[in-house]
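Subject: Structure handover

Hi,

Here is the structure I promised to pass on. Please open it first, then read my notes below.

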Amino acid sequence: MDDIDTSQYLPLSEATFYVLACLHEPLHGYAIMQKVDALSEGSVSIGPGTLYGVFAALEKQGLILKLREEERRKVYGMTALGRRVLAGQARRLSIMAAAANNTLALLGEKA
């Protein structure tokens with residue numbers, strides 16, 4: 001799997017990023033919606049339609065998989081490829097944040 005170029009999956013949409021960021025443990029959709037709200041400090045809200053679209057795309061790409069169903073709730077987990085793609089996105093965001101902070105510092109502003 002190390003020979004797969006993860007750049008083909010990047011950049012992730014905001015919704016996709018947060019769904020992957022939630023899946024450090026297996027979760028069902030409603031728990032993911034709540035966790036996205038918490039992780040984003042309320043700045044991102046994902047509704048059921050968006051969430052299930054993200055699930056379908058991530059499953060098709062092999063970044064997540066359905067682990068089981070519990071009383072009509074589908075529980076998802078992140079694959080090894082999903083972890084690599086999330087790490088790649090984290091690197092991209094870190095570089096972007098550093099660039100913005102440098103620019104703001106040159107302008108005498110703070111983030």
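**Starting point: I32**

I32 touches V19, C22, L23, L27, L51 and F55, leaving aside its neighbours within four places in sequence. Keep in mind that this is a predicted model. I32 is also one of the residues that touch the most other members of the largest nonpolar core, along with V19, L20 and L23. That core has 28 residues. Two or more of them come from each of helix 1, helix 2, helix 3, strand 3 (73–78) and helix 4 (80–106). Helix 1 gives the most, with six residues.

**Overall layout**

The protein has four helices and three strands. From the N terminus, the order is α-β-α-α-β-β-α. The C-alpha trace spans about 55 × 35 × 20 Å along its principal axes. Of the 111 residues, 35% count as buried. Contacts between residues at least 6 apart in sequence include many long-range ones: 50% of them join residues at least 24 apart.

**Helix packing**

How do helix 1 and helix 3 cross, and at roughly what angle? The axes of helix 1 (residues 14–22) and helix 3 (residues 48–61) come within 10 Å and cross at roughly 75°. Helix 1 is therefore roughly perpendicular to helix 3. On the helix 1 side, the contact uses A15, T16, V19 and L20. On the helix 3 side, it uses T50, L51, V54, F55 and L58. Seven of these contact residues are nonpolar, two are polar and none is charged.

Helix 2 (residues 29–39) also packs on helix 3. Here the angle is about 110° and the axes are 11 Å apart. That angle makes helix 2 roughly perpendicular to helix 3. G29, I32 and M33 of helix 2 meet P48, L51, Y52 and F55 of helix 3. This contact divides into six nonpolar residues, one polar and no charged. L51 and F55 appear in the helix 1 contact and again in the helix 2 contact.

Which residues of helix 2 are buried? They are G29, A31, I32, M33 and V36. The buried residues of helix 2 pack against helix 1, strand 1, helix 3 and strand 3. After helix 2 comes E41, with a positive phi near 55°.

**The sheet**

The three strands form an open sheet in the order 1-3-2, with antiparallel pairing. Strand 1 (27–28) and strand 2 (64–70) are at the edges. Each has a single partner strand, so one side of each is left without a neighbour in the sheet.

Strand 2 and strand 3 pair over six bridges, in the antiparallel sense. K66 stands opposite Y76 in strand 3. E70 stands opposite R73 in strand 3. The two strands form a hairpin with two residues between them. E71 sits in the turn and has a positive phi of about 50°.

Strand 1 and strand 3 pair over two bridges, also in the antiparallel sense. Opposite H28 stands V75 in strand 3.

Helix 3 lies across strand 2 and strand 3. Helix 3 runs at about 120° to strand 2.

**Two residues of helix 4**

Q89 and L106 are worth viewing together. Q89 is in helix 4. With a relative accessible area of 5%, Q89 is buried. Leaving aside its neighbours within four places in sequence, Q89 is in contact with L10, P11, L12 and F17.

L106 is found in helix 4 as well. Is L106 buried or exposed? L106 counts as exposed because its relative accessibility is 77%, and the cut-off for exposed is over 50%. How far apart are the C-alpha atoms of L106 and E71? They are separated by 55 Å, with the two residues 35 apart along the chain.

**Where to look**

For a quick tour, begin at I32 and its contacts with V19, L23, L51 and F55, among others. Move on to the crossing of helix 1 and helix 3, then to the packing of helix 2 on helix 3. Next, follow the sheet in the order 1-3-2. Finish in helix 4, with Q89 buried and L106 exposed.

Best wishes

Conventions: Residues are numbered from 1 along each chain as its sequence is written. This is a predicted model: local features need pLDDT of at least 70, side-chain atom pairs count only at pLDDT 80 or more; totals for chains, interfaces and linings use all residues. Side-chain values use heavy atoms; hydrogens and water are left out. Axes are lines fitted to C-alpha atoms, for helices over the stretch in contact, and angles run from 0 to 180 degrees between N-to-C directions. Angles under 35 degrees count as roughly parallel, over 145 as roughly antiparallel, 65 to 115 as roughly perpendicular and the rest as oblique. Contact means heavy atoms within 4.5 Å. Ala, Val, Leu, Ile, Met, Phe, Trp, Tyr, Cys and Pro count as nonpolar, Asp, Glu, Lys and Arg as charged, and the others, Gly among them, as polar. A nonpolar core is a set of buried Ala, Val, Leu, Ile, Met, Phe, Trp, Tyr and Cys residues joined through side-chain atoms within 4.5 Å. Buried means under 20% relative accessible area, exposed over 50%, partly exposed in between (1.4 Å probe, protein chains only). Two strands pair if DSSP finds at least two bridges between them.
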